[in-house]
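Grab the model and try these two exercises. Work each one through before you peek at the solution.

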Amino acid sequence: MTIDARLTVLLTLKGRDLYTLRWLWHANRVGLPFPIVIADGKVNPVIARLIEDPAAFPNLQIEYRRYNDLTFRDFYLKVQDAVSSVKTPYVMMSDNDDFLLPSGIIKSLDSLDRSLNYVSIGGGIGHFESMSESHQPLNLNGKIAKFWYQQSRAYQSYDLEKQSAVGRAVEAYAGFLTVCYNVFRTETLRKITDEMAQFNFQRLDNSELYFILRTATLGNVKSFSSCISYLRQLGTSSNPSRGKDFVVSLSNETFIDEIQRITKHIATIAAKIDGANVEEAAERLQTISAARLREKLVAVLGWRATVKAALKKHVPETIIACVKAVSERLRSGKSSVAGGRSVSRTGMLQLAREAGAAAALLAQTQQELADIEYTMASGDFISFVEASAQELLSQRELASSGNCA
């Protein structure tokens, strides 16, 4: 196995042990060509035994670091410490329920090598949903049913090459652009994670906001649409903020206060870089904050939400399930997370081709997607778990956190 010593993949964990094994099993099978630092916030002895067994994943170069995530601050300190241990010039974060595509990552690395004024570059981010049989662990394996690529504004390609730090921050905030799965210069990510540990945000969506805006102030940022570097699985997110009543969050938590602190802090930094007026920069960011909050409140309190709440309260679950199934078919797989209508694997590759992907890159991407589909659908991974970690197959919960909300 040839290791690309330019990049370290940082895999942050807390529970969801079967997903961790799937991530490692797949990476080992395809020979992920980057060193891996695993920052485990909830150590399971079975997982630790397999990671530390050289025979379990012989094609991977792993450094395993143990932590104990009990609070958000523990999580931020874990990430800060793990990033501080990275010795390669570039680093990329990953969640354990997703998949990496090396061809897109290598293109991002090559671009960063040539573009010294960029601090972070990534390939496109796709999404998928799987079809699980009733006897299979929830969402863990099964044939991939749908793909999404480039539909949602947050996951479309972008190039923040504006000379103005304020302008980059405004554009990143307006689109809530996804940057946390990009390849980063290690010193850039180290600076961001150091600051996030100091802020100790109490909501992960606010920490993600800071991550996005701070990256934009540190230099140019880009995401390609001509290559795919990351594939996210839908239906497996475990952000604790998503299960809370948003109105209760507004009244009982530091939600608004944290956003105000973020916009003021970012405005101060960006305006200093540009030699601009801090108040004007803050006003531009706060205008976007107000618009996003208004959209969220409409989604939570508007007539659609009211109807849904009434149905859940008064209509039997079986009828709601039937209505939901019919609605999904009529919407042709539209996903509020990924945005727009689903596409086939061929359709996703066609979008990359139209964005300028070369034939060789498309062939690599096609093979990588086929490898992911094999991992999901073949049953070989489950056979591995049955042979190596049988006790984990009783797990059905989707415990704890990832990098991006």
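**Exercise 1.** Find what the side chain of Asp-98 reaches, and at what distance.

*Solution.* Start with the polar contact: the side chain of Asp-98 reaches the backbone nitrogen of Gln-233 at 3.1 Å (such a contact is a pair of N or O atoms within 3.5 Å, one able to donate a hydrogen and the other to accept it; residues adjacent in sequence count only if both atoms are side-chain atoms). A word on ground rules: this is a predicted model, where local features need pLDDT of at least 70 and side-chain atom pairs pLDDT 80 or more, while totals for chains, interfaces and linings use all residues. Numbering runs from 1 along each chain as its sequence is written, and side-chain values use heavy atoms, leaving out hydrogens and water.

Next, place the residue: Asp-98 sits in the loop between strand S4 (90-94) and strand S5 (99-100) (strands are DSSP E runs of at least two residues, helices H or I runs of at least four, numbered from the N terminus).

Last, check the charge. Asp-98 is buried (under 20% relative accessible area, 1.4 Å probe, protein chains only) but has no salt bridge (a side-chain nitrogen of Lys or Arg within 4 Å of a carboxyl oxygen of Asp or Glu). Arg-232 is the nearest side chain of opposite charge, 4.0 Å away (Lys and Arg count as positive, Asp and Glu as negative; His and chain ends are not counted).

**Exercise 2.** Work out which lysines lie over the faces of Phe-224 and Tyr-118.

*Solution.* For Phe-224, it's Lys-107, at 4.6 Å from the ring centre (the cut-offs: NZ of Lys or CZ of Arg within 6 Å of the ring centre and within 35 degrees of the ring normal). For Tyr-118, it's Lys-222, at 4.9 Å.

How values were computed:
Buried means under 20% relative accessible area, exposed over 50%, partly exposed in between (1.4 Å probe, protein chains only).
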